[in-house]
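Thanks for coming. I have one structure to go through today, and I will keep to the geometry.

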Amino acid sequence: MALIACPECRQSVSDMAPACPRCGYPVAGSPRSARGVDGGVVGKAVGAIGGWLIVPWIARMVAMAMFCIVLTVMFLKGRG
Ligand SMILES: [Zn+2]
């Protein structure tokens, strides 16, 4: 919970309040309310989690592919 300046009268208003108590300006209805902040935080969290999950997955896939290639080469050389 934080205080924001009312865009209409510059009165300090709680961001939890639906409207400015002085002039009645609908503060919470503005696009820069808690909803937008939550969306940004969730987006950053999803991006961070996705990065943590996907990057090791790609590294594992590359390591597995390299392992298979090395095994195949060693098998062919050993047999040949
Ligand atoms: Zn106001």
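I will start with the metal site and then turn to the cysteines and the core. Keep in mind that this is a predicted model.

The zinc ion is held by four sulfur donors, the SG atoms of Cys6, Cys9, Cys20 and Cys23, at 2.3 Å. Along the chain these donors follow the spacing C-x2-C-x10-C-x2-C. Cys9 and Cys20 are 11 residues apart and link distant parts of the chain. Cys9 sits in the loop between strand 1 (3-5) and strand 2 (12-14), while Cys20 is in the loop between strand 2 and helix 1 (34-79).

What is the arrangement of the donors? The four donor atoms subtend angles of 107 to 114° around the zinc ion, so the arrangement is tetrahedral. For reference, the ideal angle for four tetrahedral donors is 109.5 degrees.

Next, accessibility. Which of these cysteines are buried, and which are partly exposed? Cys6 has a relative accessible area of 0% and is buried. Cys20, at 3%, also counts as buried. Cys9 comes out at 22%, so it is partly exposed, because buried means under 20%. Cys68 is partly exposed too, with a relative accessible area of 43%.

On disulfides, the count is zero.

Last, the core. The largest nonpolar core has five residues: Cys6, Val13, Ala17, Cys20 and Val27. Two zinc ligands, Cys6 and Cys20, are therefore listed in that core. Leaving aside neighbours within four places in sequence, Val13 contacts Ala2, Leu3, Ile4, Cys6, Ala19, Cys20, Pro21 and Val27.

That is what I have; questions are welcome.

Note on methods. Residues numbered from 1 in each chain as written. Predicted model: local features only at pLDDT ≥ 70, side-chain atom pairs only at ≥ 80, totals over all residues. Heavy atoms only, no water. Donors = N, O, S within 2.8 Å, 3.2 Å for Na, K, Ca; no water. Tetrahedral: all angles 85-135°; square planar, octahedral: opposite > 155°, others 65-115°. Helix = DSSP H or I, 4+ residues; strand = E, 2+ residues; numbered from the N terminus. Buried < 20%, exposed > 50% of the residue type's maximum accessible area, 1.4 Å probe, protein only. Disulfide = S-S within 2.5 Å. Core = buried A, V, L, I, M, F, W, Y, C linked by side-chain atoms within 4.5 Å. Contact = heavy atoms within 4.5 Å.
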